[in-house]
Every structure is written in structure tokens, then in C-alpha cells.
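Student: Got a minute to go through this model with me? I'd like to start with the helix packing.

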Amino acid sequence: MDLKKYVANVPDFPIPGIQFKDVTPIMQSPEAFSYAVDLLAADANLKEAQVICAPEARGFIFGCPVSIQNNLGFVPVRKPKKLPREVVSEEYSLEYGTNTLCMHKDAIKKGQRVYIIDDLLATGGTILACCKLVERLGGIVAGIGFVIELQDLKGREVLKDYNVYSL
């Protein structure tokens, strides 16, 4: 299946000059959504993941069904002040600014194999921050899965120390 047919390009969103890749058409197609989830779940299984982790919001959309399909727990990574218990946080850069991500301090067990999922790999900043959070808590980044990879932004180079898979 060619998932490119299910990605809508939105110019100048969220700011002028950014070409936003909208994955909602994938989610609106049961066949395309199932296909994407199946491939990510298979890769997470190959990497012997013990838990799935994903940043909000679009990472949740693909990460949660993968965790259910593989009978694994799910760890949300959120923006500041969105998680109710003690957190660890990491500031990072993205193609149009900076942000901070947080994870519950007790979300990952030492030595646990974590598979991180997001909808899109651009510059790699968001997922590198997730990797740092996982590792700070003693987890092992078993792999990282993306639906879309914007190769010209070279995010894979930022994540060169990790096993990256993109659909």
C-alpha cells in the first residue's frame, strides 16, 4: 500500500514556510491505518520491545494501537504541566522553535526495552528528547518507528545512534 496517497500537504502550517504533513487521511482509512499500525507493531516486535512510548499528540494515535496489538504498556510523553505526577523533562529544538517534553519519573523501568513511535521524522529533535528521557530513566531505546520521514531534513542523522524505521 502506498501511504503517500493518504498524506495531505498543508502549506504554511503552523507558520509560514512550513509544509505540514497531515496524517489524518491515513486514520480516516481503516485499510491505511491498519496497514501502518501493523507495520509499526511488527517492527516493535522484531526489536523485542517491552513497552511503547510516544509523544503527544500524533504519536499517541499510532503508538496506542501498536501497544494494544503487541500486548504492551504505553508511556505518554507530554508537554509541561500535562502529567499529574513527578516528571523528568527535556528541552529540544524543532524546525520552527523550541519545546519541552515530560515523562512520568516512574514510567520506565531500568533495562526495559522501549520502542518509540511518532507520526513524522523531520529534524529529529522531538524523538531525540524522548530517547534522552527513556535513557535517563534507565531504559534502552530498542527502536524508533515513524509513519513519515522527511529525508531532506536529515533527522535520521540526529538519531544515528538508534535503530530507526520509517514507513
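Student: Which strands does helix α2 lie across, and at what angle does it run to β7?

Tutor: Helix α2 (residues 30–46) lies across β3, β7, β8 and β9 and runs at about 150 degrees to β7. Axes are lines fitted to C-alpha atoms, for helices over the stretch in contact, and angles run from 0 to 180 degrees between N-to-C directions. Contact means heavy atoms within 4.5 Å. Helices (H or I, at least four residues) and strands (E, at least two) are DSSP runs, numbered from the N terminus.

Student: And what are the ground rules here?

Tutor: This is a predicted model: local features need pLDDT of at least 70, side-chain atom pairs count only at pLDDT 80 or more, and totals for chains, interfaces and linings use all residues. Residues are numbered from 1 along each chain as its sequence is written, and side-chain values use heavy atoms, with hydrogens and water left out.

Student: Back to the sheet. What's the strand order?

Tutor: It is an open sheet of five strands, β4-β3-β7-β8-β9, with parallel pairing. Two strands pair if DSSP finds at least two bridges between them. β4 and β9 (164–166) are the edge strands, each pairing on one side only. From one strand to the next the twist averages 25 degrees.

Student: How many bridges between β3 and β7?

Tutor: Three, in the parallel sense. Ile-52 stands opposite Tyr-115 in β7.

Student: What about β1 and β2, parallel or antiparallel?

Tutor: Antiparallel: four bridges join β1 (residues 8–11) to β2. Asn-9 has Lys-21 in β2 as its bridge partner.

Student: Which β2 side chains are buried?

Tutor: Phe-20 and Asp-22, which point to one face of β2 (residues 19–22). Gln-19 and Lys-21 point to the other and are not buried. Buried means under 20% relative accessible area, exposed over 50%, partly exposed in between (1.4 Å probe, protein chains only).

Student: New topic. Which residues are the hubs of the largest nonpolar core?

Tutor: That core has 26 residues, and those touching the most other members are Cys-53, Met-103, Ile-108, Ile-116, Ile-127, Ile-144 and Leu-159. A nonpolar core is a set of buried Ala, Val, Leu, Ile, Met, Phe, Trp, Tyr and Cys residues joined through side-chain atoms within 4.5 Å.

Student: Which element gives the most to it?

Tutor: α4, with six residues.

Student: What does Ile-108 touch?

Tutor: Leaving out residues up to four places away in sequence, Ile-108 touches Val-51, Val-75, Met-103, Val-114, Val-134, Leu-137 and Gly-139. There is also a second, separate core of 21 residues, including Val-37 and Phe-62.

Student: Which residues of α4 are buried?

Tutor: Gly-125, Ile-127, Ala-129, Cys-130, Cys-131, Leu-133 and Val-134. Just after α4, Gly-138 takes a positive phi of about 95 degrees.

Student: How many disulfides?

Tutor: Zero. A disulfide is a pair of cysteine sulfur atoms within 2.5 Å. Cys-130 is in none, as the nearest cysteine sulfur, in Cys-53, is 5.3 Å away.

Student: Why is Cys-102 not bonded?

Tutor: Because the closest cysteine sulfur, in Cys-130, is 11 Å from its own, too far for a bond. Cys-102 is buried, at 5% relative accessibility.

Student: Last one: is Asp-119 buried or exposed?

Tutor: Buried, with a relative accessible area of 3%. Asp-119 lies in strand β7. Its contacts include Arg-58, Phe-62 and Phe-146, not counting residues up to four places away in sequence.
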